[in-house]
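Student: I am new to this structure and would like to study a single part of it slowly. Please take me through that part in one connected account.

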Amino acid sequence: MADEEAGGTERMEISAELPQTPQRLASWWDQQVDFYTAFLHHLAQLVPEIYFAEMDPDLEKQEESVQMSIFTPLEWYLFGEDPDICLEKLKHSGAFQLCGKVFKSGETTYSCRDCAIDPTCVLCMDCFQNSVHKNHRYKMHTSTGGGFCDCGDTEAWKTGPFCVNHEPGRAGTIKENSRCPLNEEVIVQARKIFPSVIKYVVEMTIWEEEKELPPELQI
């Protein structure tokens, strides 16, 4: 009887109404014993609402919803603070040669027609303005959100993969400062998030039932 009551309590906690803001949702995840179970419960509630069946879906609206409802809470959970602030701190720590800035919906991106391996290889405004590509033929795009800057990725560019701020040999780059700039709390959270997300992606990829979801994704 005690085991049944304990199980019922756990289900009540997981099935409780989820917080509405990314910050509060991340805090709620942090209070759960099993992050993976709580994360799947969140997806079970949100994904059907975002990708509900309709004849002509608004793809931009869907991307914005995914960013706000799934990716942004994960970023808050990972960093334990405003992701923009934390990423800015890491940027100024000078420890990375990759930019990796995540684009927000409506943000301008740049693709060099002379040097990009393909049109999906893009730069943020700061990296573009501080690179050789500003003097080349280029195209401007408006991001729908979720992509990231490819500055520093040598496989994305034929020439000029680095802007001035991310070029190798610059003071403070990873070769000169091999100490990981991430604090222990972020590393602990990362070890929860990335295996959980990868496990979810793999299990959904190999799921063979077309008309039924896995039990953990059923509300």
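Student: Which residues form one aromatic cluster, and what surrounds them?

Tutor: Please keep in mind that this is a predicted model. The cluster you ask about is formed by Trp-29, Phe-35, Phe-39, Tyr-77 and Tyr-200. For orientation, the protein chain has 7 helices and 2 strands, and from the N terminus on its elements follow the order α-α-α-α-α-β-α-β-α. Of the 219 residues in the protein chain, 33% are buried, and among the contacts with a separation of 6 or more, 65% are between residues 24 or more positions apart.

A search of the whole structure for aromatic pairs finds 9 of them. One of these joins Trp-29 and Phe-39, whose ring centres are 5.8 Å apart and whose planes stand at 75°, and because an angle over 60 degrees counts as edge-to-face, that is the name this pair receives. Trp-29 belongs to helix α2 (residues 22-31) while Phe-39 belongs to helix α3 (residues 35-50), so the pair ties together parts that are 10 residues apart in sequence. Both partners are buried, since the cut-off is under 20% relative accessible area: Trp-29 has a value of 0%, and Phe-39 has a value of 3%.

The two helices that carry this pair can now be considered as whole elements. In general, two packed helices are described by the angle between their axes and the distance between the axes. The axes of α2 and α3 come within 8 Å and cross at roughly 140°, which makes α2 oblique to α3, and the crossing is right-handed. On the α2 side the contact is made by Leu-25, Trp-28 and Trp-29, and on the α3 side by Phe-35, Ala-38, Phe-39 and His-42. By kind, the residues of this contact divide into 6 nonpolar, 1 polar and no charged.

Helix α3 also packs with helix α7 (residues 184-206), at an angle of about 50° and with the axes 10 Å apart. These two helices are therefore oblique to each other, and the crossing of α3 and α7 is right-handed. From α3 the residues taking part are Phe-35, Tyr-36, Phe-39, Leu-40 and Leu-43, and from α7 they are Lys-192, Ile-193, Ser-196, Val-197, Lys-199, Tyr-200 and Glu-203. The residues of this second contact divide into 8 nonpolar, 1 polar and 3 charged. Phe-35, Phe-39 and Tyr-200, which you will recognise from the aromatic cluster, are thus among the residues where α3 meets α7.

A further residue of α7 helps to complete the picture of these surroundings, namely Gln-189. Gln-189 is buried, with a relative accessible area of 10%. If its neighbours within four places in sequence are left aside, Gln-189 is in contact with Asp-30, Tyr-77 and Leu-78. Of these partners, Tyr-77 is itself one of the residues of the cluster, which brings the account back to the place where your question began.

Key:
Residues numbered from 1 in each chain as written. Predicted model: local features only at pLDDT ≥ 70, side-chain atom pairs only at ≥ 80, totals over all residues. Heavy atoms only, no water. Phe/Tyr/Trp six-rings, centres within 6.5 Å; stacked < 30°, edge-to-face > 60°. Helix = DSSP H or I, 4+ residues; strand = E, 2+ residues; numbered from the N terminus. Buried < 20%, exposed > 50% of the residue type's maximum accessible area, 1.4 Å probe, protein only. Axes fitted to C-alpha atoms, helices over the stretch in contact; angles between N-to-C directions. Parallel < 35°, antiparallel > 145°, perpendicular 65-115°, else oblique. Left-handed = near helix turned anticlockwise from the far one by under 90°. Contact = heavy atoms within 4.5 Å. Nonpolar A, V, L, I, M, F, W, Y, C, P; charged D, E, K, R; others polar.
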